[in-house]
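Okay everyone, thanks for coming. I'd like to walk you through a structure that's new to most of us, so let's put it up on the screen.

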Amino acid sequence: MINNIKTVFSIKDLENLSGIKAHTIRIWEKRYNILEPMRTDTNIRFYNLHNLQKLLNITLLHEYGYKISKIATYPEEKIPQLVREIISKKNSQNYAITSFKMAMMNFDQELFFNTFDWLISEKTFKEVFKEHFLPLLKELGLLWQSETITPANEHFMSHLIKQKILIYTEALQIRKPTKTDRIFVLSLPLNEIHQIGLLYLQYEILDKGYKTIYLGESMPIENLQDLTRHFENITFVSFMTVQPDRNVINQYVKTMGQKLLQKNNEIWLMGKMVEHIDQKVLTDRIRIFDSMEETINMI
């Protein structure tokens with residue numbers, strides 16, 4: 001079953017997780033004996049978590065200029081030692097993402113927290129999110145689609161990232177808003193559950209001094225309409241990652257406009273599904289954004 005915890009990997013899985021082509025991995029195995037795959041009765045290679053961790057470490061050393069022929073001569077324990085030395089220089093973006101991947105594969109919360117603490121000691125939360133969490137999340141989507149990781153892996157990592165966003169968001173929520181000309185209401189369409197982008201956007205909006213109302217996933221338009229009775233100058237913000245379906249998205253956006261655009265309200269939309277929105281549906285108060293950065297710049 002796909003929901004089982006994954007402990008055995010194909011060479012394609014290793015390629016997806018490390019970024020090293022399967023052909024190259026085979027050459028490294030044959031020429032330098034850097035991994036010791038197990039084999040099925042039909043002689044197909046498969047690998048365990050130890051193989052995966054070793055390959056990720058070797059990949060990091062290789063990116064830092066170590067030759068594979070040299071790495072192959074090192075005793076087993078020297079490879080993680082060299083990786084730790086690179087980490088101690090606090091200049092390895094790739095290390096952090098590699099470390100987060102290993103935390104995900106091993107369901108290792110301690111490794112996640114230690115890696116995050118190392119990053120946050122040198123960077124702001126915005127930098128950690130943009131430079132490390134965003135690239136990691138994009139990669140997780142591809143890894144999940146290719147069945148390299150299971151939903152359990154992806155949910156474990158997503159939850160930890162959400163947890164960090166919420167911690168840093170709460171520190172801003174207790175501050176009094178400094179801008180009162182507009183209020184932001186953040187929600188997701190029906191059956192849309194991908195919250196991380198919306199959660200992070202709330203952090204950015206709060207940081208700019210605005211008040212936010214976070215309503216979260218699967219929110220009917222009629223319930224959003226209730227907010228128009230309590231507040232004026234609302235900007236309704238929504239991510240459309242997999243919902244609404246492309247066949248109904250234009251009607252959905254039209255309905256949002258009809259029910260929510262009283263007074264000076266606006267609607268901001270982003271996510272993969274917005275590419276299916278017809279330009280005719282848009283007005284000067286219904287906007288679509290191509291990226292998180294573009295949205296943040298508009299706040």
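Let's begin with helix H12, residues 249-260. Just so you know, this is a predicted model. So, does the length of H12 add up? What should its 12 residues span, at 1.5 Å a residue? The expected span is 16 Å, and the end C-alpha atoms are 16 Å apart, so the two agree.

Now, which residues of H12 are buried? They're Ile-249, Tyr-252, Val-253, Thr-255, Met-256, Gly-257 and Leu-260. And what do they pack against? You'll find helix H11 (221-227) there, along with three strands: E5 (234-239), E6 (266-270) and E7 (286-289).

That takes us to the sheet. It's an open one made of five strands, in the order E4-E3-E5-E6-E7, and the pairing is parallel. E4 and E7 are the edge strands, each pairing on one side only. On average, neighbouring strands in this sheet are turned by 20° against each other, if you ignore direction. Back to our helix for a second: H12 packs on this sheet, where it touches E5, E6 and E7, and its direction makes about 155° with that of E6.

Let's slide over to the E4 side. Strand E3, residues 183-187, runs parallel to strand E4, residues 211-216, and five bridges join them. If you want a spot to look at, find Ile-183, which stands opposite Lys-211 in E4. Between the two strands in the chain you have helix H10, residues 196-207, and E3, H10 and E4 together make a right-handed β-α-β unit.

Okay, zooming out. How is the chain divided into domains? The assignment gives domain 1 as 1-90, domain 2 as 91-174 and domain 3 as 176-298. For domain 1 and domain 2, the C-alpha centres lie 21 Å apart.

One last stop, at the other end of the chain. Glu-15 is in helix H1, residues 11-18. Is Glu-15 buried or exposed? The relative accessible area of Glu-15 is 12%, and the cut-off for buried is under 20%, so Glu-15 counts as buried. And what is around it? Setting aside the neighbours within four places in sequence, Glu-15 is in contact with Ile-20, Lys-21, Ala-22 and Ile-25.

That's my tour, so over to you.

Key: Residues are numbered from 1 along each chain as its sequence is written. This is a predicted model: local features need pLDDT of at least 70, side-chain atom pairs count only at pLDDT 80 or more; totals for chains, interfaces and linings use all residues. Side-chain values use heavy atoms; hydrogens and water are left out. Domain bounds come from an automatic or database domain assignment. Two strands pair if DSSP finds at least two bridges between them. Helices (H or I, at least four residues) and strands (E, at least two) are DSSP runs, numbered from the N terminus. A crossover is right-handed if, with the strands pointing away from the viewer, the path from the first strand over the helix to the second runs clockwise. Buried means under 20% relative accessible area, exposed over 50%, partly exposed in between (1.4 Å probe, protein chains only). Contact means heavy atoms within 4.5 Å. The expected span of a helix is 1.5 Å times one less than its number of residues. Axes are lines fitted to C-alpha atoms, for helices over the stretch in contact, and angles run from 0 to 180 degrees between N-to-C directions.
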